[in-house]
Amino acid sequence: MRALVTGCAGFIGSHLCERLLADGWTIFGVDNFDPFYDPAIKQRNLRGFVDNPRVTFAPLDLVDDEALRAWWAGIGPVDVVVHLAARAGVRPSIQQPLACERANIQATLSLLELAARQNPVPRFVFASSSSVYGNNPQVPFSEDDPVDHPISPYAATKKAGELLCYTYHHLYGMPMTALRFFTVYGPRQRPDLAIHKFIARILRGEPIPMFGDGSMSRDYTFIDDILDGVVAAMERREGYEIINLGSKNPIRLDEMIATIEAQVGMAAKIERLPLQAGDVDRTFADVTKAARLLHYAPQTPFPDGVAREVAWCREIYR
């Protein structure tokens with residue numbers, strides 16, 4: 001089996017490539033090393049698999065249609081596209097909305113043109129986000145809930161990506177699965193995300209920012225559980241579906257900090273700050289549909305997942 005994985009040098013993408021290689025897949029990976037965060041981090045992520053003879057890697061920008069078409073012509077047919085590449089993050093999207101739109105909408109459209117119309121691929125998996133739910137008053141968040149009120153450019157681009165996927169499914173019949181990820185964490189997590197950032201700062205004796213009173217909650221989902229859902233979605237061969245992938249166990253911000261403190265063995269120095277624009281009050285995944293269609297069943301308790309990320313952070317920051 002042959003998979004094209006975009007964003008393969010990122011947090012989720014690098015883990016997925018290693019998982020697929022262990023399962024016998026051949027990987028065609030692309031990543032543009034966007035300087036949103038240090039490209040050296042992505043280079044480190046690649047080390048675990050890029051030299052495997054079943055991996056073909058290209059440092060490509062998906063918006064560069066000519067380069068993408070030329071590379072695609074050289075790799076031959078693939079069985080599935082997993083589109084993980086994006087400019088992620090709520091707060092960065094507010095600061096640089098045009099960069100977010102380019103990476104998340106233009107790149108997705110460019111890829112769909114190739115994968116659905118010009119070089120039809122049997123199936124396509126798109127990485128969406130729980131951010132599309134905005135400040136949804138109803139919990140847990142269901143795929144049937146309205147998502148017409150995004151509160152950040154990032155959320156709006158992810159909703160746009162879902163709509164583009166549906167359009168190309170309708171026009172060309174390609175089976176499409178849009179996966180709404182809920183706050184993925186674990187080893188290799190991006191350095192700007194809370195769990196990684198808090199662990200690193202506590203280890204260095206630096207203060208951590210706590211926005212609000214600590215009551216905000218997130219449905220933190222460990223990377224291994226997310227991979228189970230992604231791999232199962234890669235096998236779907238019909239229709240268009242939007243599916244939540246979460247832990248179905250929201251954790252308050254103050255509880256998250258306490259869990260990190262316990263696993264690190266050090267108290268945090270907390271800097272209390274006001275809430276930031278674009279942040280939602282809570283996320284909480286209804287994974288009923290994922291269980292039914294993907295046999296998805298998250299297994300990792302939050303303290304265990306944090307312990308594994310702490311161990312990884314100790315290694316890279318020692």
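**Helix α6 and its aromatic contacts**

At 42% relative accessibility, Tyr166 counts as partly exposed. In this predicted model, Tyr166 belongs to helix α6, whereas Tyr240 is part of strand β11. Tyr240 has a relative accessible area of 17% and is buried, because the limit for a buried residue is under 20%.

The helix that carries Tyr166 runs over residues 153-172 and comprises 20 residues. From the first C-alpha of α6 to the last, the span is 28 Å, close to the 28 Å expected at 1.5 Å a residue. The buried residues of α6 include Tyr154, Ala155, Thr157, Lys158 and Lys159 in its earlier part. Further along, Ala160, Gly161, Glu162, Leu164, Cys165, Tyr168 and His169 are buried as well. Among the elements that cover these buried residues are the helices α4 (90-95) and α5 (97-118). The cover also includes the strands β5 (124-129), β6 (176-181) and β11 (240-245). Just after α6, Gly173 adopts a positive phi of about 75°.

Across the whole structure, a search finds 11 aromatic pairs. In one of them, the ring centres of Tyr166 and Tyr240 are 5.2 Å apart and the planes stand at 80°, so this pair is edge-to-face. Since Tyr166 is in α6 and Tyr240 in β11, the pair ties together parts that are 74 residues apart in sequence.

A further aromatic pair is formed by Tyr168 and Tyr172, with 5.6 Å from centre to centre and 40° between the planes, and is tilted. Both residues lie in α6, four residues apart, which corresponds to about one turn of the helix. Tyr168 has 8% relative accessibility and therefore counts as buried. Tyr172, at 37% relative accessibility, counts as partly exposed.

Aromatic residues also group together in a cluster, which is formed by Tyr185, Tyr220, Phe222 and Phe302.

Two tyrosine rings have an arginine placed over them. Over the ring of Tyr133 sits the charged end of Arg180, at 4.8 Å from the ring centre. Tyr317 has Arg204 over its face, and the distance to the ring centre is 5.6 Å.

Key: Residues are numbered from 1 along each chain as its sequence is written. This is a predicted model: local features need pLDDT of at least 70, side-chain atom pairs count only at pLDDT 80 or more; totals for chains, interfaces and linings use all residues. Side-chain values use heavy atoms; hydrogens and water are left out. Helices (H or I, at least four residues) and strands (E, at least two) are DSSP runs, numbered from the N terminus. The expected span of a helix is 1.5 Å times one less than its number of residues. Buried means under 20% relative accessible area, exposed over 50%, partly exposed in between (1.4 Å probe, protein chains only). Contact means heavy atoms within 4.5 Å. Rings of Phe, Tyr and Trp (its six-membered ring) pair if their centres lie within 6.5 Å; planes under 30 degrees apart count as stacked, over 60 as edge-to-face and the rest as tilted. A charge sits over a ring if NZ of Lys or CZ of Arg is within 6 Å of the ring centre and within 35 degrees of the ring normal.
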